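User: I'm new to this one and I'd like to know what stands behind the labels people put on it. Can you walk me through them?

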Amino acid sequence: MTVLSVMPGQVPERMVLEETLEAMQNFVGGTIQAIYPFDDAVAIICNDNAKLLGLPYNRVLRDEEGNIYDILCGPFFVCGLGEEDFSSLTETQLETYGKLFAHPELFMAVGGQLMIVQI
């Protein structure tokens with residue numbers, strides 16, 4: 001399936017990923033978690049234990065007002081949703097989420113505060 005790969009500190013890339021649990025787990029480096037933060041028929045697939053494992057911060061998720069409500073850690077990918085399983089993204093979805101995650105983010109602690117800067 002065609003997905004959007006998002007690695008910490010890198011721009012997103014289109015990639016073809018085998019439609020197996022093993023391939024998805026290999027990509028994220030462990031057990032997978034599906035997150036559905038958008039109204040669109042897409043999922044973010046990430047490592048279920050990324051924060052506990054101390055994987056590097058990757059991207060933030062923001063609400064409609066632009067407020068950060070979560071930070072995704074480690075590699076993740078965005079895929080489409082089929083009737084019963086994950087599927088390829090459409091060209092429009094690849095473009096939309098490619099733009100959304102286009103700018104890698106730098107995370108730093110300054111004076112006890114987490115600062116986030118787009119690279």
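User: What makes β5 and β6 a pair of strands, and in which sense do they run?

Analyst: First, a word on the source: this is a predicted model, where local features need pLDDT of at least 70, side-chain atom pairs count only at pLDDT 80 or more, and totals for chains, interfaces and linings use all residues. Residues are numbered from 1 along each chain as its sequence is written, and side-chain values use heavy atoms, with hydrogens and water left out. Now the strands: two of them pair if DSSP finds at least two bridges between them. Strand β5 (residues 57-62) and strand β6 (residues 68-73) are joined by five bridges, so they meet that definition, and they run antiparallel.

User: What does the name "strand" itself rest on?

Analyst: Strands (E, at least two residues) and helices (H or I, at least four) are DSSP runs, numbered from the N terminus.

User: What sits between β5 and β6, and which residue in the turn has a positive phi?

Analyst: The two strands form a hairpin with five residues between them, and G66 in the turn has a positive phi of about 90°. Across the pairing, L61 stands opposite D70 in β6.

User: How do you know that β9 and β10 pair as well?

Analyst: Six bridges link β9 and β10 in the antiparallel sense, and the pairing rule is therefore met. They form a hairpin too, with two residues between them, and G111 in that turn has a positive phi of about 60°. Here F107 stands opposite I116 in β10.

User: Why is V3 called buried?

Analyst: Buried means under 20% relative accessible area, exposed means over 50%, and partly exposed is in between (1.4 Å probe, protein chains only). V3 comes out at 0%, so it counts as buried. V3 sits in strand β1 (residues 2-6). Not counting residues up to four places away in sequence, V3 touches E13, R14, M15, L17, F77, V78, C79, L89 and L94, where contact means heavy atoms within 4.5 Å.

User: And T2, buried or exposed?

Analyst: T2 has a relative accessible area of 19%, so it is buried. T2 also lies in strand β1. Leaving aside neighbours within four places in sequence, its contacts include R14, M15, V16 and S87.

User: What makes a group of residues a nonpolar patch, and which residues form one here?

Analyst: Patches are made of residues with over 30% relative accessible area and no salt bridge; like charges are joined within 9 Å, and nonpolar side chains (Val, Leu, Ile, Met, Phe, Trp, Tyr) within 5 Å. L106, M108, V110, M115, V117 and I119 form such a patch on the surface, with about 510 Å² of accessible area together. That area comes from the Shrake-Rupley method with a 1.4 Å probe, and for residues only the protein chains shown count as cover. M108, in strand β9, has a relative accessible area of 35%, so it is partly exposed, and that value passes the patch cut-off. The largest share of the patch, three residues, comes from β9, while β9 (105-110) and β10 (113-118) each supply at least two.

User: Why is there no disulfide between C46 and C73?

Analyst: A disulfide is a pair of cysteine sulfur atoms within 2.5 Å. The sulfur of C73 is 8.9 Å from the closest cysteine sulfur, in C46, which is too far for a bond. The structure holds zero disulfides. C46 is buried at 4% relative accessibility, and C73 is buried at 6%.

User: How do you know that E91 and R14 form a salt bridge?

Analyst: The term needs a side-chain nitrogen of Lys or Arg within 4 Å of a carboxyl oxygen of Asp or Glu. In E91 and R14 the closest N and O atoms are 2.7 Å apart, so the pair qualifies. E91 lies in helix α2 (residues 91-100) and R14 in strand β2 (residues 13-16), so the bridge ties together parts that are 77 residues apart in sequence. E91 is exposed, at 53%.

User: How many salt bridges are there in the structure?

Analyst: Three. K51 and D70 meet in one of them, at 2.5 Å from N to O. That pair links distant parts of the chain, with K51 in the loop between β4 (42-47) and β5, and D70 in strand β6, 19 residues apart. D70 counts as partly exposed, at 25%. E95 and K99 form a salt bridge as well, with the closest N and O atoms 3.2 Å apart. Both E95 and K99 lie in helix α2, four residues apart, about one turn of the helix.

User: What makes K99 exposed?

Analyst: K99 has a relative accessible area of 57%, which puts it over the cut-off, so it is called exposed.
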